[in-house]
Amino acid sequence: MIRPSLRAAPLGLGLAFLLVSAAPAALAQQASTYPPALPASLPSIPDAQDVAYPGVITLDIDATNLAQHIFAVKQTIPVAQAGPMTLFFPEWLPGNHGPVGPIAQLAGIEITANGQRVEWVRDPLHPFAYHVVVPAGATALNITMQHLSPTAANQGRITMTPEMLNIQWEKMLLYPAGHWSRNITVQPTVKFPAGWQFGTALEPASKTGDVQTFKPVNLEILIDSPVFAGVHYRQIDLNPGGRSPVRANFVADDAKSLEATDDQIQILRNMVDQMDRLYGARHFDHYDFLIAMTDKLGGIGLEHHRSSENSVDPAFFTGWAAHLGDRDLLSHEMNHSWDGKWRRPADQYVPNFNSPLQNSLLWVYEGQTQYYGQVVAARSGLLTKQQAMDSLAMTAATYDTRVGREWRAMQDTTNDPIISQRQPKGWLSWQRDEDYYSEGQLIWLDVDTTIREKTGGRKSLDDFARAFYGVRDGDYAPAPYTFEDVVAALNGVVANDWATFLRTRLDADGPEARAPLDGLARGGWRLAFTDKPTDYMKTLYAELKRNDFTYSLGFQTGEANKIRSVQWNSLAFKSGLAAGMEIVAVNGQAATADRLTEAVTAAKDPAVPITLIVKDDDQYRTVVFDYHDGLRYPRLERIPGTPDRLGDILTPRRR
């Protein structure tokens with residue numbers, strides 16, 4: 001590259017060679033200082049100011065093109081003056097914890113003002129920013145564009161099918177830079193397919209035919225208030241006569257999925273009741289579960305302040321006994337209304353959706369929610385007490401063998417949504433991945449049982465929950481918190497060196513680091529292994545089509561005998577196996593999960609090996625395991641003579 005200042009004069013060969021060859025590293029380092037080759041110089045992106053944006057943005061969505069999965073978007077953005085202006089597409093999405101706004105799904109952007117075309121230029125350093133020049137005399141920018149829902153799962157999450165749709169506003173709008181989101185007012189309108197019904201936390205304003213207009217809200221509330229709509233729809237009141245409405249809005253691939261029994265509806269109502277008994281206060285004037293019972297719409301579990309987006313199996317109700325995978329999803333996401341939305345980490349309280357988030361407290365935001373999501377599921381009947389304990393055993397076993405702890409602390413996994421952006425990993429036990437969820441759950445069990453032990457059972461983590469989240473009843477404004485706030489609230493329950501307690505567990509790494517399983521023992525239980533899976537594990541893995549040999553041979557398989565995961569440094573690892581390979585034969589017979597199970601059992605005889613033929617792309621090879629300890633599946637085992645604190649934790653609250 002030649003400096004701009006040298007381009008005007010012809011260069012001799014010697015000088016040109018000198019510039020190119022003498023200091024290429026220096027030139028490369030300076031490359032980003034050169035102006036981009038754009039039609040005009042770009043203004044700087046304005047910093048967000050905590051002042052009102054003038055006027056009301058209108059946002060009109062036509063969601064009727066079901067066949068092609070296209071949302072047609074029209075926006076009108078008022079402008080106060082002519083000149084340079086920057087528009088943002090939301091990048092850092094709440095609940096996703098990272099810069100994952102699907103900007104590639106936005107297409108066909110056309111902007112006009114006073115009937116004239118206004119050109120836009122994307123910022124090359126901040127590609128979620130669009131620069132425009134507002135012409136003189138213009139009072140508004142008129143924008144047309146499309147949000148293109150993926151038409152197949154390999155393109156991203158599908159948000160429109162012939163039976164239902166999911167409007168996530170952050171995927172289909174632009175907004176003016178230079179303002180806090182809460183100071184930008186938007187009036188949304190949606191044209192739904194004929195006859196469809198919808199659920200949302202937004203409040204309806206008026207309706208004409210299939211066009212629904214909602215009351216104006218600020219941008220932060222809008223993006224926090226998605227919509228589920230469908231041709232098969234049912235709404236269930238989960239808090240009859242309660243102080244504020246709590247509703248379950250179901251959409252389904254088939255109307256039969258909506259057939260809930262009275263007992264199942266009562267369990268969902270119990271969940272709301274147990275949340276109230278846990279926290280005491282509500283930080284919403286109404287709450288709407290948005291629940292898609294589907295195999296077609298993309299899966300989701302995403303929290304919002306007054307609603308949540310949830311995908312469950314179509315047989316969530318009709319196949320209740322055989323479908324456990326979604327059982328604590330609703331309690332998890334509702335818990336976020338208190339933990340994560342009302343009280344949110346201070347380093348996530350940012351001006352707008354293009355301000356970077358920091359995730360250092362996700363072990364509270366998500367870890368404590370993972371804990372209470374399962375606790376409330378057990379207290380309400382979404383899970384039986386035994387199922388909750390069996391689930392906890394699986395979690396404990398997973399993190400007891402999380403060998404990635406040797407080089408990477410759990411605290412560092414709070415960065416995973418940013419650095420990995422939830423892409424699959426080949427060596428999960430070694431790489432680690434968002435372990436703040438379930439290892440965080442184990443830490444909060446440790447905290448809970450410590451409080452119970454120190455107070456002789458008079459206090460528990462529930463007292464922390466009420467003191468930290470259950471105050472200022474009816475207050476909806478976010479209340480940020482810091483690590484020091486968490487420690488102070490714990491000390492308000494019972495005095496302890498909570499800062500050291502937490503940091504020791506959060507930051508543990510190295511060869512001697514261990515999983516935080518003390519809460520199990522203090523709760524009166526310990527991790528054990530037997531040669532048969534628990535009923536919960538057997539049912540769950542049948543639903544998920546998984547077969548688990550992690551704690552014996554060191555791998556897990558899925559459908560078609562494909563290896564889903566391999567435990568780092570296990571026998572399978574040392575035998576050269578990896579995720580994606582296919583087991584085609586077991587001891588000379590065509591591979592099945594049952595035959596592999598039988599082979600591991602038969603090999604308890606020291607003279608009997610386990611021989612597999614494995615296919616890796618177009619290569620075949622034979623793997624022989626010299627393993628004779630039989631099948632091993634995790635469960636919890638009672639420690640005689642100790643208080644059953646875990647049993648108490650999972651027991652429904654009576655007040």
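Which residues line the largest cavity? In this predicted model, the lining consists of Tyr-371, Gln-374, Val-375, Ala-388, Met-389, Leu-392, Gln-441, Leu-445, Leu-646, Ile-649 and Leu-650. Four helices each give two or more residues to this lining. They are helix 7 (367-380), helix 8 (385-400), helix 11 (438-454) and helix 19 (645-649). The space in the largest cavity is about 90 Å³. Its lining holds nine nonpolar residues and two polar ones. No charged residue takes part.

Helix 7, one of the contributors to this lining, was examined further. Of its 14 residues, 14 are buried, and the helix is mostly covered. Its length was also checked. At 1.5 Å a residue, the 14 residues of helix 7 should span 20 Å. The C-alpha atoms at its ends lie 20 Å apart, so the expected and modelled spans agree. Gly-381 follows helix 7. The phi angle of Gly-381 is positive, near 105°.

The search for cavities covered the whole structure and returned four of 30 Å³ or more. The second largest of them contains about 40 Å³ of space. Its lining is made up of Phe-549, Thr-557, Asn-561, Ile-583, Val-586, Ala-591, Thr-592, Ala-593 and Leu-596. Two elements supply two or more residues each: strand 30 (582-586) and helix 18 (593-602). Six residues of this lining are nonpolar and three are polar. Charged residues are absent here.

Turning to the strands, an open sheet is formed by three of them, in the order 11-18-14. The pairing is antiparallel. Strand 11 (164-167) and strand 14 (197-200) occupy the edges. Each has a single partner strand, so one side of each is left without a neighbour in the sheet. On average, neighbouring strands of this sheet are turned by 15° against each other, direction ignored.

The pairing of strand 14 with strand 18 (residues 227-230) was resolved to individual bridges. These two strands run in the antiparallel sense and are joined over four bridges. Gly-199 has Phe-228, in strand 18, as its bridge partner. In general, the strands of a sheet pair through backbone hydrogen bonds, in either a parallel or an antiparallel arrangement.

Terms used. Residues are numbered from 1 along each chain as its sequence is written. This is a predicted model: local features need pLDDT of at least 70, side-chain atom pairs count only at pLDDT 80 or more; totals for chains, interfaces and linings use all residues. Side-chain values use heavy atoms; hydrogens and water are left out. Two strands pair if DSSP finds at least two bridges between them. Axes are lines fitted to C-alpha atoms, for helices over the stretch in contact, and angles run from 0 to 180 degrees between N-to-C directions. On a 1 Å grid over the protein atoms alone, a cavity is a set of points where a 1.4 Å probe fits but cannot get out, and a pocket is an open set with protein on both sides within 12 Å along at least five of seven lines; lining residues have an atom within 4 Å of a point. Grid points are joined across faces, edges and corners, and a volume is the space filled by probe spheres set on the points. Ala, Val, Leu, Ile, Met, Phe, Trp, Tyr, Cys and Pro count as nonpolar, Asp, Glu, Lys and Arg as charged, and the others, Gly among them, as polar. The expected span of a helix is 1.5 Å times one less than its number of residues. Buried means under 20% relative accessible area, exposed over 50%, partly exposed in between (1.4 Å probe, protein chains only).
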